[in-house]
Amino acid sequence: AKDVRNPEFWNKFMQRPEVQAAMRKKLRYESAAEAAQKTKLDKLERKQRRYELMGELMKCATNVKHLISPMFRYKITQQYLWKVLCEARTEGMLFCDKLRQPQVYHRLQAIKAEITAGPYGVAGWQAEEEVEEDLMDKMVVEADCIPGGIDGEAPDRKQVLDRREIQGVLDFGQQIKTEGNEAFMNENWEGALTRYCQGDEMLKNFSAEPHLSKENKELKTMHRQCLNNKANAALKMDQWQTALRAADAALKLKMDDEKALFRKAQALEGLGRTDEALEVLDEVEQIAEDMDEEFRDQILDDVRERREEIKDIEKKASKDFHNMFKLMGEKQVFGGGRFLADGTSPPPALTGDEERKLKRMKDQEEYRAAKAKWELEQRRQEGKPLFDAPKEPDMPTPNRPGLGYRTMERTRTITKNQAQQLLEDLLEAYSAESFQKKVHAEAKAVTFEYQPFLRRLKKIASVVQEPILSKWGFDPSEEGLQEMMVCLSDHTLREQNLRKLADETTQMLYGGEDGMWGMEQE
């Protein structure tokens with residue numbers, strides 16, 4: 001029997017070839033498992049770093065986000081940003097300030113150039129890494145900052161500026177406010193309102209980096225002052241709705257703004273909503289109770305005066321209604337003279353011009369009725385259908401917008417450059433392979449008959465047209481499509497290059513040379 005406790009036995013056992021092969025296989029497995037575990041831990045660490053970097057980048061200005069957004073998914077970018085973040089923490093600096101240092105900013109631009117160098121750049125496909133969708137979506141949205149969102153879905157989104165840029169906005173806002181105040185002092189209400197509106201449109205779209213609390217406070221205060229002044233100027237011009245909207249916007253910035261509340265009460269009074277105006281004046285009164293005596297007395301006097309005026313207006317209105325109904329009663333508006341014996345109202349007496357006009361209208365109706373009767377008899381004798389089938393309108397195109405079928409008022413126009421860009425968007429959408437396949441399939445389904453194909457084309461084309469209509473500010477409907485084509489025709493009928501581009505767009509809409517293009521002339 002073999003003594004397994006003897007070391008010599010195990011020395012000989014380990015020298016056997018099959019045992020050594022098993023040991024080598026075990027070592028390879030353990031090293032591979034260890035490497036996989038290390039790779040997993042490294043990937044988890046990089047993920048945690050990405051979220052930490054994203055939190056810091058969201059505190060930076062929009063121009064920095066715009067630079068980093070297209071290359072954030074690359075490892076080389078993440079590694080460099082993490083290095084900069086660690087240096088900023090060691091030096092006691094803010095990350096956004098560290099990124100604005102010339103050597104750091106230029107290095108980021110160099111990394112971007114390396115990435116865009118294609119297959120010969122040092123950061124090719126090997127430097128890419130799968131990045132969480134929520135991170136990239138957030139980065140893209142913040143980098144391509146559209147204040148308020150494309151369709152107003154993000155009313156609080158603003159463009160973030162650094163200290164130097166926000167100071168320029170504050171200086172320009174102060175200039176606009178000063179010019180508006182000068183116009184208001186000179187009783188130029190319209191000029192003052194224009195300047196305050198400009199200030200509002202500018203200030204509402206910007207904010208400073210989160211750590212610039214002083215600048216953010218100044219910006220918010222200046223915006224609120226512009227809105228209050230805008231409401232005051234609108235009140236002077238009896239633009240009650242404009243004043244009400246401006247006052248409500250100011251109250252969103254500061255809920256207990258006594259000036260905004262007082263001007264809201266004046267706007268509501270001008271709109272005839274006196275009950276709401278009195279409720280707002282009660283709010284102003286409550287706010288004034290917590291102020292210094294000097295300001296409190298002045299505000300309470302203004303509130304008292306305004307409340308008395310509103311009550312006087314209500315009394316006067318009640319008296320006017322009473323007098324109106326009294327006069328109507330005296331004229332027998334509600335009396336027996338209002339109706340004839342059979343319960344019908346007597347017709348008003350006609351003047352000579354009205355009688356002649358009425359006779360002319362009757363003659364025209366008789367002539368049209370006789371003409372229609374004669375034409376109907378002629379069609380019957382010739383064996384034609386008594387009534388023509390209603391002709392369907394063609395698909396509106398940039399060179400043939402279909403003016404005869406428009407029912408909406410025209411709401412906007414576009415420039416020549418905008419028309420070219422819009423045509424290029426339509427051409428790209430119509431040229432998509434998926435859309436072309438659908439067009440060719442529908443053409444074959446109706447055996448290349450034009451009118452049945454046109455009815456089907458409208459349905460499949462609307463799917464690709466609606467996003468473009470919404471993007472360019474048109475109503476995503478048939479009316480909006482017709483209006484867009486009319487706007488394009490303003491330029492395609494005058495510019496040969498645009499007319500040619502419009503023909504290419506229409507050709508792709510109908511499926512190109514392999515589709516129904518040119519069939520309408522047959």
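**Exercise 1. Cysteines and disulfides**

Task: In this predicted model, determine whether Cys96 is buried or exposed, and establish how many disulfides the structure holds.

Solution.
Step 1. Cys96 has a relative accessible area of 4%. Buried means under 20%, so Cys96 is classed as buried.
Step 2. The cysteine sulfur closest to that of Cys96 belongs to Cys60, at 5.1 Å. A disulfide requires two cysteine sulfur atoms within 2.5 Å, and the separation is therefore too far for a bond.
Step 3. Seen from the other side, the sulfur of Cys60 has its closest cysteine sulfur in Cys96, again at 5.1 Å. Cys60 is also buried, with a relative accessible area of 1%.
Step 4. The search of the whole structure gives 0 disulfides.

**Exercise 2. The chain as a whole**

Task: State how many helices and strands the chain contains, and what percentage of its residues is buried.

Solution.
Step 1. The chain contains 20 helices and 2 strands.
Step 2. Of its 522 residues, 34% are buried.
Step 3. Contacts with a separation of 6 or more may then be considered: 65% of them join residues 24 or more positions apart.

**Exercise 3. The packing of H10 and H11**

Task: Describe how helix H10 and helix H11 pack, beginning with the angle and the distance between their axes.

Solution.
Step 1. Two quantities describe a pair of packed helices, namely the angle between the axes and the distance between them.
Step 2. Helix H10 covers residues 213–236 and helix H11 covers residues 240–253; their axes lie 8 Å apart, at an angle of about 160°.
Step 3. An angle over 145 degrees counts as roughly antiparallel, so H10 and H11 are roughly antiparallel to each other.
Step 4. The crossing of H10 with H11 is left-handed.
Step 5. On the H10 side, the contact includes Lys220, His223, Arg224 and Leu227. On the H11 side, Trp240, Thr242 and Ala243 are among the residues that take part.
Step 6. Sorted by class, the contact of H10 with H11 has 11 nonpolar, 3 polar and 3 charged residues.

**Exercise 4. Individual residues in and between H10 and H11**

Task: Locate Asn232, Asp238 and Gln241, and give the exposure class of Asn232, Asp238 and Gln241.

Solution.
Step 1. Asn232 belongs to helix H10. Its relative accessible area of 18% places Asn232 among the buried residues.
Step 2. When neighbours within four places in sequence are left aside, Asn232 is in contact with Phe184 and Arg263.
Step 3. Asp238 is situated in the loop between H10 and H11. With a relative accessible area of 49%, Asp238 is partly exposed.
Step 4. The backbone of Asp238 has a positive phi, near 60°, although the residue is other than glycine.
Step 5. Gln241 is part of helix H11, and its relative accessibility of 41% makes Gln241 partly exposed.
Step 6. Gln241 and Ala231 are 10 residues apart along the chain, and their C-alpha atoms are separated by 9.4 Å.

**Exercise 5. A loop residue with positive phi**

Task: Identify where Glu187 lies, and whether Glu187 is buried or exposed.

Solution.
Step 1. Glu187 is in the loop that runs between helix H8 (163–185) and helix H9 (189–203).
Step 2. The relative accessibility of Glu187 is 57%. The class of exposed residues begins over 50%, so Glu187 counts as exposed.
Step 3. Glu187 is not a glycine, yet its phi is positive, at about 60°.

**Exercise 6. The packing of H16 and H18**

Task: Give the angle at which helix H16 and helix H18 cross, then the handedness of the crossing and the residues that make the contact.

Solution.
Step 1. Helix H16 (residues 416–431) and helix H18 (residues 450–471) have axes that come within 10 Å and cross at roughly 160°.
Step 2. H16 is therefore roughly antiparallel to H18.
Step 3. H16 and H18 form a right-handed crossing.
Step 4. H16 contributes Leu422, Asp425, Leu426, Ala429 and Tyr430 to the contact, while H18 contributes Val464, Gln465, Ile468 and Lys471.
Step 5. The contact of H16 with H18 comprises 6 nonpolar, 1 polar and 2 charged residues.

How values were computed. Residues numbered from 1 in each chain as written. Predicted model: local features only at pLDDT ≥ 70, side-chain atom pairs only at ≥ 80, totals over all residues. Heavy atoms only, no water. Buried < 20%, exposed > 50% of the residue type's maximum accessible area, 1.4 Å probe, protein only. Axes fitted to C-alpha atoms, helices over the stretch in contact; angles between N-to-C directions. Helix = DSSP H or I, 4+ residues; strand = E, 2+ residues; numbered from the N terminus. Parallel < 35°, antiparallel > 145°, perpendicular 65-115°, else oblique. Left-handed = near helix turned anticlockwise from the far one by under 90°. Contact = heavy atoms within 4.5 Å. Nonpolar A, V, L, I, M, F, W, Y, C, P; charged D, E, K, R; others polar.
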